[in-house]
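Subject: Structure for your review

Dear colleague,

Please find below the structure that I am handing over to you. My findings follow it, and I would be grateful if you read them with the model open.

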Amino acid sequence: MHEHDHGHGGAPTRALAVVLAVTVVVLVAEVAGALLTGSLALLVDAAHVLTDVLGLALALSAARLAARAATARRTYGWARAEVLGAAGQAAVLLGVGVFVVVEAIRRFADPADVPGPALLVFGAIGLLGNLVAVVVLRRAGGADLNTRAARLEVLNDAFGSIGVLVAGLVIALTGWTRADGVAALLVGALIVPRTLLLLRDALEVLLESVPRGLDLEEVRGHLLEQEHVLAVHDLHATRVSSALPVLSAHVVIEPACFRNGTAPAVLDALQHCVAAHFAVSLTHSTFQLEPPAHTAHEAGTHA
């Protein structure tokens, strides 16, 4: 049995730290604004920003933890913490989504007296912070999952701030305070789809589902095409974290490979096959090479 091991790359931690700090400032401003104005839209956007603070903190932690070497107790480090954090975020977001719907419906019947000019000020503060975060992440570059997710977080925040600004403008110009509830529902519409995606992705990893976009029968077919390979069984693929897919399989090869020293070459061919031929790059692969007689032995053991 051989495990193909590779190092993990880290996200641009300095950029993530700056964006996290900016987002915390936006959160504090929006919570203060929601308390001062009584705006549901601003409160909902603050809840949205809170989940982004948690997500960015998780991304920053994951980027730093990725640089740590694995230990005998945690052979994959803290990679699964990302998934647990995503599940926690989804739970918070679902709670926020339910609150938004209930409170917005109540406010349509009994609208609160929300000051439009003050809403404009706090919405502008939020949008300015979001734009700074977008620029910082764009300049930092990076195509890893954490950085891409962080960009999505701040872009969603920017749309939420725009919704608050529009509500403040409508209230300031027309006095129609129900615009606050409409904006809250629109911000909530940004939250719910992301909640469902987060929950789906987290559950897929926790339930050790096959990575999305990977067909195990196609993998089996490619492995069987390799020279000297006779059969493939106990084929499994899952993810330790969203960016760390792993694969394992028992591969039956010709008995002569164990006598003439070609087994290592077969192993290299198998690892190259799964790392290079599929949309999901399986660079973390473990293969157990077996002679045909061992398969019969395994069948008897499992019977």
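Among the contacts in the protein chain with a separation of 6 or more, 75% are made by residues 24 or more positions apart. Please bear in mind throughout that this is a predicted model.

The protein chain has 303 residues, and 42% of them count as buried. Its accessible surface comes to about 15100 Å², with 65% of that area belonging to carbon and sulfur atoms. The chain contains ten helices and four strands. Along the sequence, these elements follow the pattern β-α-α-α-α-α-α-α-β-β-α-α-β-α.

Two of the helices were checked for length. Helix H1 covers residues 13-37, which makes 25 residues. At 1.5 Å a residue, H1 should span 36 Å, and its end C-alpha atoms are indeed 36 Å apart, so the expected and computed values agree. After H1 comes Gly38, which has a positive phi near 75 degrees. Helix H6 covers residues 179-206, which makes 28 residues. The same rise of 1.5 Å a residue gives an expected span of 40 Å for H6, and the distance between its end C-alpha atoms is 40 Å, so here too there is agreement. Just after H6, Glu208 has a positive phi of about 55 degrees.

Helix H6 also holds Ala184. Is this residue, Ala184, buried or exposed? Its relative accessible area is 0%, and because buried means under 20%, Ala184 counts as buried. Which residues is Ala184 in contact with, leaving aside its neighbours within four places in sequence? They are Leu40, Ala41, Val44 and Val100. In addition, the C-alpha atom of Ala184 is separated by 7.6 Å from that of Leu42, although the two residues are 142 residues apart along the chain.

Finally, I turn to the space inside the model. A search of the whole structure found one cavity of 30 Å³ or more. The largest cavity holds about 50 Å³ of space. Its lining consists of Arg107, Phe108, Pro111, Ala112, Val114, Thr177, Arg178, Asp180 and Gly181. Of these lining residues, four are nonpolar, two are polar and three are charged. Helix H3 (81-109) and helix H6 each supply at least two residues of this lining.

Yours sincerely,
A colleague

Key: Residues are numbered from 1 along each chain as its sequence is written. This is a predicted model: local features need pLDDT of at least 70, side-chain atom pairs count only at pLDDT 80 or more; totals for chains, interfaces and linings use all residues. Side-chain values use heavy atoms; hydrogens and water are left out. The expected span of a helix is 1.5 Å times one less than its number of residues. On a 1 Å grid over the protein atoms alone, a cavity is a set of points where a 1.4 Å probe fits but cannot get out, and a pocket is an open set with protein on both sides within 12 Å along at least five of seven lines; lining residues have an atom within 4 Å of a point. Grid points are joined across faces, edges and corners, and a volume is the space filled by probe spheres set on the points. Ala, Val, Leu, Ile, Met, Phe, Trp, Tyr, Cys and Pro count as nonpolar, Asp, Glu, Lys and Arg as charged, and the others, Gly among them, as polar. Buried means under 20% relative accessible area, exposed over 50%, partly exposed in between (1.4 Å probe, protein chains only). Contact means heavy atoms within 4.5 Å. Accessible areas come from the Shrake-Rupley method with a 1.4 Å probe; for residues, only the protein chains shown count as cover.
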